[in-house]
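I sat down with this one and a fresh page. Here is what I looked up, entry by entry, for anyone meeting it now.

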Number of protein chains: 2
Amino acid sequence: MRPVNVGLLGLGTVGRGTVTVLERNAREIERRAGRGIRVVRAAVRDDTRDRGLGQIELELTTSAEEVVDDPEVAVVVELIGGIEPARELVLRAIEQGKHVVTANKALIALHGNEIFDAAGRCGVVVAFEAAVAGGIPIIKAVREGLAGNRIEWLAGIINGTGNFILTEMREHGRAFTDVLAQAQALGYAEANPSYDVEGIDAAHKLTILASIAFGIPLQFHRVFTEGISRITPADIAYAGELGYRIKHLGVARCHERGVELRVHPTLIPRRRLIANVDGVMNAVLVKGDALGPTLYYGAGAGAEATASAVVADLIDVVRVLTSDPENRVPHLAFQPDALSDLPILPIDDIVTAYYLRLEAEDRPGVLADITRILGDAGISIEAILQKEPLAGARHVPIIMLTHRVIEGHMNQAIAAMEALPSVNGHVTRIRLEHLDAS
Amino acid sequence: MRPVNVGLLGLGTVGRGTVTVLERNAREIERRAGRGIRVVRAAVRDDTRDRGLGQIELELTTSAEEVVDDPEVAVVVELIGGIEPARELVLRAIEQGKHVVTANKALIALHGNEIFDAAGRCGVVVAFEAAVAGGIPIIKAVREGLAGNRIEWLAGIINGTGNFILTEMREHGRAFTDVLAQAQALGYAEANPSYDVEGIDAAHKLTILASIAFGIPLQFHRVFTEGISRITPADIAYAGELGYRIKHLGVARCHERGVELRVHPTLIPRRRLIANVDGVMNAVLVKGDALGPTLYYGAGAGAEATASAVVADLIDVVRVLTSDPENRVPHLAFQPDALSDLPILPIDDIVTAYYLRLEAEDRPGVLADITRILGDAGISIEAILQKEPLAGARHVPIIMLTHRVIEGHMNQAIAAMEALPSVNGHVTRIRLEHLDAS
């Protein structure tokens, strides 16, 4: 059978990785797909630069439209990133009846509903495994492997840069800004690191995971997002004393009344496998009603790791080239007309446990005032650590773990504690999830 | 669209779990598959016994042939286990053009080549996700999710009973026979536990994983298998002192000259995620050339966990009911005519590191004799622990970790050490794998 012709948009890190993997593993891929896969054209911003692709022959053009419109091209791989012109080019490919593979999480999280709608009308597939957790086949696992389950919740370390920073802070007691600078020097973090450290990148991925897990439309703008820039080495050390690790988690949980969607620093019991996922690695823990918890771990970024997902998608697309549209795996796991209109819950309605750290005057009665505020709000305390005051300091750090409580109640309690004259400054609050099987 | 009618062979633990999950999640499943899935008939040994299925209506028969031959039945789910009559019934279903879903690892490992051959001739799918690691979608991950990779090796904890026993031995210093008795009482281990503790069950699963990873025919009889019954709490403690955990691993590694296929107790560095997979849980670590290492963790057994995989297979089968046979995912990941004839390597050719424990006389020169034997065989030592002799004992335990060496050379060195008059009894040898990214 003739090979399938692929047009590539973008020849950056992942684009070069994809070309390299398709070339190096051409024989293995054909042994699996029953058909070769060949990149025939690639659109680049500058077609004179050397791409370091060695012997691999590839026709380059600076016109992305030319690649999309090329009648030889059956599948378009979009690796430009960002919203425009990626969105426009993907829709243009779809309208021409071409299948699309993309690694673009922002595009899918923000415009996926529109894109899948167009794909449905035109009878093509848009595959996006590479958009979440790099090469880990998490989309396939949740969408197909767990298709018999009602998925109750999932929690993921889905931003490698953030995980690298928290790991370094824990292992070496270093400050956030210090490690961030190193991550930038190593090329892990962007020059503008806010997508990574403020949780926007993780929110893109969580949006996609929640949709395929629960059968809801993509709703990026409803994700609650809190970054890791205010985490201190002291918080990490205190959490450690209490038996916890701090991870930047994306959490999605389905209730009858709605869906939790949140990205924030989270304490996790140290004995959980996911608490031991360190450095730039990613992992997603998924709880199905039949299967119980499963965990998927691997590289969440990198040229060839991400290319691995792009190529897997290409092989899937090759297989469905001749299959009826109605028998394909639905883009968001559930049939388009079976999506649910469950609301995304406001963060005030979330129930979670908390790590609280505050500075209070070192005199009798202060702790009683604080615990009375918590008690009045119906918040029970699981553990308290009271540290010695630093020499000459008027205030001592008090660290508390609470049982689970509605976030709205906790907000009120925190406001009341901050209003106490004996409490200095703000109360640091980090959410805590046990991630046990329930 | 009308629901797909399923005939069930066997209504034991997994059979009941499958009926329960299909019923409880009927709405979710139809939202995903675009079509309902309904068990219309089930074959049981005794059709008068109460199955504890409550409200679920199900026509029971004691004739498996009747279920297979029922013209209403489009898909046969085989959950009898064992070789016969399962093999005969699966082939009978295939010959009638019916798709088959099975959880039967022994059947696939021993007769999969014949079964897939028949399925190819008859244009049907035989799905077997539930045969390996219970509900973890490891077949799908390796076969489809990692399809762009040359898979270099994989290593798995793929027998929950064995892992439970080793975990209990480590955490409580208990003896093997003691924990085995408890596992039997808890219903984890069979009355005849040899499939679990001698590694036969793991070898079935490893056979299947290696085929879909490397594109080789199923070759169960070439798997090297060593059980865990000779592991002592002392070995586990010594390994711990040296920074390792002992796990019963299935290891498959692809070389140009052939394939390693082996199940044996293995030391793993404690910092590896897979070393921290405890109790009855399963995990498989897979190394792809593009993706690097990924790990898949979850419940390897249990009624609903296994049913989760059976139902996912059913949903896949529903989707391919109308798709062309040549565009389906190949049973063994690679197209049938693209399987490779790479040999499975004899265990003597394997290269691995070792943990050695022996009892030697507590006098000068003995250690020199032992290390000279290792040196002469080209085996270098990474660490030595020499323990104090027990009060009144003539012999002291000596524990060594070696660097990597060909197993054949190690066998000769062990024979030479055992021949030393100063060495008492046998040398205990446990293989050690670093499972690092290389």
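**Entry 1: a start in chain A.** I began with strand 1 (residues 4-9) of chain A, which runs parallel to strand 2 (residues 37-43) of chain A and is joined to it by six bridges. For the terms, I take helices (H or I, at least four residues) and strands (E, at least two) as DSSP runs, numbered from the N terminus. Two strands pair if DSSP finds at least two bridges between them. I also looked up A:Leu9, whose bridge partner in strand 2 of chain A is A:Ala43.

**Entry 2: ground rules.** I noted that this is a predicted model, in which local features need pLDDT of at least 70 and side-chain atom pairs count only at pLDDT 80 or more, while totals for chains, interfaces and linings use all residues. Residues are numbered from 1 along each chain as its sequence is written, and chains are lettered from A and ligands numbered from 1 in the order in which they are written.

**Entry 3: confidence.** I checked pLDDT, the predictor's confidence in each residue, from 0 to 100. Chain A averages 90, and 95% of the residues score at least 70. Among the elements of chain A, strand 4 (residues 75-78) has the highest mean pLDDT, 98, and helix 2 (residues 26-33) the lowest, 87. For the complex, the predictor gives an ipTM of 0.87 and a pTM of 0.89.

**Entry 4: the parallel sheet.** I followed strand 1 outwards and found an open sheet of six strands in chain A, with parallel pairing and the order 3-2-1-4-5-6. Its edge strands, each pairing on one side only, are strand 3 (59-61) and strand 6 (126-127) of chain A. Chain B also has six strands in an open, parallel sheet, in the order 3-2-1-4-5-6. There I looked at strand 2 (residues 37-43) of chain B, which pairs with strand 3 of chain B in the parallel sense over three bridges. B:Ala42 stands opposite B:Leu60 in that strand 3 of chain B.

**Entry 5: domains of chain A.** I wrote down domain 1 (4-137 + 303-338), domain 2 (140-299) and domain 3 (350-432); such bounds come from an automatic or database domain assignment. The centres of domain 1 and domain 2 of chain A, taken over C-alpha atoms, are separated by 26 Å. Where they meet, 21 residues of domain 1 of chain A are in contact with 23 residues of domain 2 of chain A. I count two residues as in contact if their C-beta atoms, placed from the backbone, lie within 7 Å. On the domain 1 side, helix 5 (residues 105-122) of chain A gives the most, with seven residues. By class, that side has 15 nonpolar, four polar and two charged residues. Here Ala, Val, Leu, Ile, Met, Phe, Trp, Tyr, Cys and Pro count as nonpolar, Asp, Glu, Lys and Arg as charged, and the others, Gly among them, as polar.

**Entry 6: antiparallel strands.** Next I turned to strand 7 (residues 151-157) of chain A, where six of the seven residues are buried. A residue is buried if 20 or more other C-beta atoms lie within 10 Å of its own, exposed if 12 or fewer, and partly exposed in between, with C-beta atoms placed from the backbone. Strand 7 of chain A pairs in the antiparallel sense with strand 11 of chain A over six bridges and with strand 9 (residues 244-255) of chain A over four. I found A:Gly156 in both pairings: its bridge partner in strand 11 of chain A is A:Val284, and it stands opposite A:Gly250 in strand 9 of chain A.

Strand 11 (residues 281-288) of chain A pairs antiparallel with strand 12 of chain A over eight bridges. These two form a hairpin with three residues between them. A:Leu285 has A:Leu295 as its bridge partner in strand 12 of chain A.

**Entry 7: across to chain B.** Which strand of chain B does strand 12 of chain A join? Strand 12 (residues 292-299) of chain A runs antiparallel to strand 12 of chain B, and three bridges join them. A:Leu295 has B:Tyr297 as its bridge partner, and A:Tyr297 stands opposite B:Leu295. In strand 12 of chain A, eight of eight residues are buried.

The contact takes 54 residues from chain A and 55 from chain B. On the chain B side, helix 12 of chain B gives the largest share, 10 residues.

**Entry 8: the two copies.** I noted that a turn of 180° and a shift of 0.0 Å along the axis lay chain B on chain A with an RMSD of 0.1 Å. The two copies are therefore related as by a two-fold rotation axis. The superposition is by least squares on the C-alpha atoms of residues with pLDDT of at least 70 in both. The same surface serves both copies, as 98% of the contact residues of chain B recur in chain A.
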